[in-house]
Amino acid sequence: MKASNWTVYGQELGSRLFIGTALYPSPKVMMDTIRASRAEVITVSLRRQTPTDSKSGDKFWQMIEELDCHLLPNTAGCYSVKEAVKTAHMARELFDTDWVKLEVMGDSYNLQPDPFMLVEATKILIEDGFKVFPYTTDDLVLCQKLAELGCEVLMPWGAPIGTGQGLLNPYALKTLRERLPELTLLVDAGIGKPSDAVQAMELGFDGILLNTAVAEALEPETMAYAFADAINAGRLAYEAGVMPKRDNAKPSTPTLDQPIWQQHG
């Protein structure tokens, strides 16, 4: 059984997995893994590879086109508002999309987004007609500010990029889901294994964006299948309604009067 479709900035999607294009051991592994993931949106970095920078860049772009997925360019590696905005504009021109995953880093050690520059860059890009997917921390007030600026999608981290630590603060993520019910929320960064993705989806998140957990697996293609199934399962569980936790035991078979074998004699 497949979980329900969803809409992201007006685009209907079947898969709830966004997947990255970096870190794979070879281009072929990247292609096979992305296909196995059943993802319909892939992230691409302008700084890592562009369609026109070299022969290798042109080959990479041709492979991306073959996948026939929606592109989500990112501003990875930007540490200032000016740099992020410039990169976003270049990406829109090169990739012919107004979607942008906005990253404005504030710390080079844990790659934490700078909240002040993120808000400023978001405001500029929305005014410039972009559909912004901000990579943010799980801070509620920051996410509320981004929503007020016009973001329909937010992508809070589960843990710092590439750590594979999973959801370090489930309470904060649950709070975001409860307080921002109308927004589309994806967990971006920190997912290490399929069970992490299930946990996020059971909290009510709409999707997952990941790269390292698949690309650095011993068998990336197999891991992509695992994540695709896990995300679907987590969403189905959320849609079905997970039973509440209880402090006391409750029998699964209620006892009414006498057992059936004692009722006839």
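Buried means under 20% relative accessible area, exposed means over 50%, and partly exposed lies in between, with a 1.4 Å probe and protein chains only. The model is predicted, so that local features need pLDDT of at least 70 and side-chain atom pairs count only at pLDDT 80 or more, while totals for chains, interfaces and linings use all residues. Residues are numbered from 1 along each chain as its sequence is written, and side-chain values use heavy atoms, leaving out hydrogens and water.

**Exercise 1.** Determine which residues the UniProt annotation "binding site" covers, and how they are arranged in space.

*Solution.* The unreviewed entry lists Gly162, Ala189, Gly190, Asn211 and Thr212 (positions in the numbering used here, feature names shortened, and annotations possibly inferred rather than shown by experiment). Although these residues are spread over 51 residues of sequence, they cluster in space, with a largest C-alpha distance of 9.7 Å.

**Exercise 2.** Decide whether Ala189 is buried or exposed, and place this residue in its surroundings.

*Solution.* Ala189 has 9% relative accessibility and therefore counts as buried. Leaving out residues up to four places away in sequence, Ala189 touches (heavy atoms within 4.5 Å) Tyr135, Trp157, Gly158, Ala159, Pro160, Ile161 and Leu209.

**Exercise 3.** Decide whether Thr212 is buried or exposed, and name the residues that Thr212 touches.

*Solution.* The relative accessible area of Thr212 is 19%, so this residue is buried. Its contacts, not counting residues up to four places away in sequence, are Leu23, Gly162 and Ala217, and Gly162 also belongs to the annotated set.

**Exercise 4.** Find the contacts of Phe18.

*Solution.* Setting aside neighbours within four places in sequence, Phe18 is in contact with residues including Trp6, Val8, Phe133 and Ile208.
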